[in-house]
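Subject: Structure for you to look at

Hello,

I am handing over a structure that I would like you to open and keep beside you while you read the rest of this email. My notes follow it, grouped by region so that you can find each place in turn.

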Amino acid sequence: MAKRSRRDGGPKDTTPPPAPPSLRVPVWDAHTHLDLQDGDVASALAAAASVGVSTLVQVGIDVPSSHWAAQAALDDPRVHATAALHPNEAPRLVHGDPDGWSGQRREPGGTAALDAALAEIDALAGLPQVRGVGETGLDYFRTGPEGADAQQESFRRHIAIAKRHGKPLVIHDRDAHDDVLRILAEEGAPDTVVFHCFSGDAEMAKTCADLGYVMSFAGNVTYPSAGRLRDAVAVAPPELLLVETDAPFLTPVPHRGRPNAPYLVPLTVRAMAQVKGLDEDELCAALAANAERVFGPPELP
């Protein structure tokens, strides 16, 4: 399959980091973007498997990438797909993309463009190889107040799609904790909610735990400045934890600034185990069980 162009903000040093020592108990990469990474899917799967990462969740961020994810999952059962409009995609559909950040300079499409895109996501969410609806949610960091209404409308519609198809909801939450939690409460959350690349503190983690929401941690938990993320890991119940890469972004220490990939998951797992004071194998077993419970077993249903 043809690759999509990498989003702005990717790593500048394109030298792949060396592989870490393998995990003894296999885990999943619960959130990755293979379409934005170098190399092909088969090579990514082989490199991941060589270090104990058995299954990858390929995440959609717009209509084209969601179709890409669905096809990748159809081609190989070790890939699970999700489909959604990223929260920054919704205002671009409605208001256009004059700065070209998405790589697709677009004219404003209004609510009709959002409706059409959501109809495609709804159709994809019904496919058996599409195991989740996401990443959706809110992002107030890149999209300013003028895009908030479109983001919130899109988020509400994704919640409905997830509930209609009985699929987990994968949330992108950046600088928007209160509104994300409020809208989930107003709409009624799906049975399974995953906060991808969890960005809250210990109090937010406790709130999510009380609500039964799953928290997925990425390589930024290893960054020296990320003390509040480690505090969140420390209080999050093991049965509500996932690990992810969000590759090619958020490469864990000591390779920050170089391209991330699923085979680097062990670095984040070991950091999480240290924070929680858990044996590595024990944490891996919990992470694998949680991923299978959230996204279903590796074989196609």
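C197 is a good place to begin, since it counts as buried with a relative accessible area of 14%. Please keep in mind that the model is predicted. C197 lies in the loop between β6 (193–195) and α7 (202–211), and its phi is near 45 degrees, which is a positive value in a residue other than glycine. Another residue with a positive phi is D175, where the angle is near 55 degrees. D175 sits in the loop between β5 (169–174) and α6 (177–187) and is exposed, with a relative accessible area of 52%.

Next, the interior. In soluble globular proteins, nonpolar side chains tend to be buried together. Here the largest nonpolar core has 84 residues, and those with the most contacts inside it are L184 and F195. If you select L184 and leave aside its neighbours within four places in sequence, you will find it in contact with F155, I159, L169, I171, A189, V193, F195 and Y213.

Now to a pair of helices. Two packed helices are described by the angle between their axes and the distance between the axes. For helix α2 (residues 63–75) and helix α4 (residues 110–125), the axes come within 10 Å and cross at roughly 10 degrees. Because an angle under 35 degrees counts as roughly parallel, α2 is described as roughly parallel to α4. On the α2 side the residues that meet the partner helix are V63, S66, H67 and A70, while α4 contributes A117, E120, I121 and L124. Sorted by class, this contact has five nonpolar, two polar and one charged residues.

Helix α4 also takes part in salt bridges, of which a search of the whole structure finds 13. The side chain of D115 meets that of R157 in one of them, at 3.1 Å from N to O. Since D115 lies in α4 and R157 in helix α5 (residues 148–165), this pair ties together parts that are 42 residues apart in sequence. Both partners are partly exposed, R157 with a relative accessible area of 28% and D115 with 36%. D122 forms a salt bridge with R164, where the closest N and O atoms are 3.0 Å apart. This pair likewise links distant parts of the chain, with D122 in helix α4 and R164 in helix α5, 42 residues apart. R164 is exposed, its relative accessible area being 52%. Elsewhere, R156, D179, R182, E186 and E187 are linked in a network of salt bridges.

The loop between β8 (241–243) and α9 (265–276), in which T251 is found, deserves a slower look. Which residues does T251 touch, not counting residues up to four places away in sequence? They are Y223, R256, G257, R258, P259, N260 and L264, and T251 itself is buried, with a relative accessible area of 3%. L264 has its place in the loop between β8 and α9 and is buried as well, with a relative accessible area of 1%. Not counting residues up to four places away in sequence, L264 touches P17, P18, P20, T251, P252 and P259. The C-alpha atoms of L264 and P20 are separated by 6.7 Å, although the two residues are 244 residues apart along the chain.

A salt bridge also involves this loop, for the side chains of R258 and D13 meet at 3.9 Å, N to O. R258 is in the loop between β8 and α9, whereas D13 belongs to the segment before β1 (27–32), so that the pair links distant parts of the chain, 245 residues apart. D13 is partly exposed, with a relative accessible area of 35%.

F249 is placed in the loop between β8 and α9 and counts as buried at 13% relative accessibility. Its C-alpha lies 8.3 Å from that of A261, a residue 12 residues away in sequence. Finally, please look at two cis peptide bonds: one joins A247 and P248, with omega about 15 degrees, and another joins V253 and P254, also with omega about 15 degrees. P248 has its place in the loop between β8 and α9, and P254 is found there too.

With best wishes

Terms used: Residues numbered from 1 in each chain as written. Predicted model: local features only at pLDDT ≥ 70, side-chain atom pairs only at ≥ 80, totals over all residues. Heavy atoms only, no water. Axes fitted to C-alpha atoms, helices over the stretch in contact; angles between N-to-C directions. Helix = DSSP H or I, 4+ residues; strand = E, 2+ residues; numbered from the N terminus. Parallel < 35°, antiparallel > 145°, perpendicular 65-115°, else oblique. Contact = heavy atoms within 4.5 Å. Nonpolar A, V, L, I, M, F, W, Y, C, P; charged D, E, K, R; others polar. Buried < 20%, exposed > 50% of the residue type's maximum accessible area, 1.4 Å probe, protein only. Core = buried A, V, L, I, M, F, W, Y, C linked by side-chain atoms within 4.5 Å. Salt bridge = Lys/Arg side-chain N within 4 Å of Asp/Glu carboxyl O.
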